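Good morning, colleagues. I should like to take a few minutes to walk through one part of the structure now coming up on the screen.

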Amino acid sequence: RAANGGYDSSKTITYTGSFLTYPIITITGPITDPVLTNVSTGEDLDFTGVTIAGGDTYTIDCRFGYKTVKNASGVNKIADLTAGSDLATFHLGADPDVSGGANAFTLTGTGTDANTTVTVTYNERFVGA
């Protein structure tokens, strides 16, 4: 969707686990200045100043012990994140930290087309009894 001359897409992921989880996120270009925000947690992954070309992807692995950003060729792109990005903490929140586990995401940027996507994959995690 276009907003203010750019791209603005929103989606809510309802996370049903009982403990937060760290996702793997794939942004598929084309997109310039992509910023992915979990509005519910206030965390973002900001690639301002970067263009992900059509057919290329950036995979952001937020899992504990990984914390990587790689393009489709496997090249390390972690330096493309702005200094204020939340790679160390970016997560899906569980209820009650995020009401009902409803994590609201937005992806903004410019220079997009019908091939521009973002995919969020994760494991549901639960607190043991």
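Strand β3, residues 24-28, and strand β7, residues 57-61, are paired in the antiparallel sense, and five bridges join them. Within this pairing, Thr-26 of the one strand is placed opposite Thr-59 in β7. Please bear in mind that the model is predicted.

The pair belongs to an open sheet of four strands, whose order is β8-β7-β3-β10 and whose pairing is antiparallel. At its edges are β8, residues 68-71, and β10, residues 117-121, each of which pairs on one side only. From one strand to the next, the twist averages 15 degrees.

I turn now to Asp-56, which lies in the loop between β6, residues 51-52, and β7. Which side chain of opposite charge is nearest to Asp-56? That residue is Lys-77, at 6.6 Å; Asp-56 is buried yet has no salt bridge. The side chain of Asp-56 does, however, reach the backbone nitrogen of Ala-72, at 3.1 Å. Leaving aside residues up to four places away in sequence, Asp-56 touches Ile-27, Thr-28, Gly-29, Asn-71 and Ala-72.

How many salt bridges does the count give? It comes to one. Arg-63 forms a salt bridge with Asp-61, and their closest N and O atoms are 2.7 Å apart. As to burial, Asp-61 has a relative accessible area of 8% and is therefore buried, the cut-off being under 20%. Arg-63, by contrast, counts as partly exposed, because its relative accessibility is 29%.

Methods. Residues numbered from 1 in each chain as written. Predicted model: local features only at pLDDT ≥ 70, side-chain atom pairs only at ≥ 80, totals over all residues. Heavy atoms only, no water. Pairing = 2+ DSSP bridges. Helix = DSSP H or I, 4+ residues; strand = E, 2+ residues; numbered from the N terminus. Axes fitted to C-alpha atoms, helices over the stretch in contact; angles between N-to-C directions. Buried < 20%, exposed > 50% of the residue type's maximum accessible area, 1.4 Å probe, protein only. Lys, Arg positive; Asp, Glu negative; His and termini not counted. Salt bridge = Lys/Arg side-chain N within 4 Å of Asp/Glu carboxyl O. Polar contact = N/O pair within 3.5 Å; in protein donor to acceptor, adjacent residues only side chain to side chain. Contact = heavy atoms within 4.5 Å.
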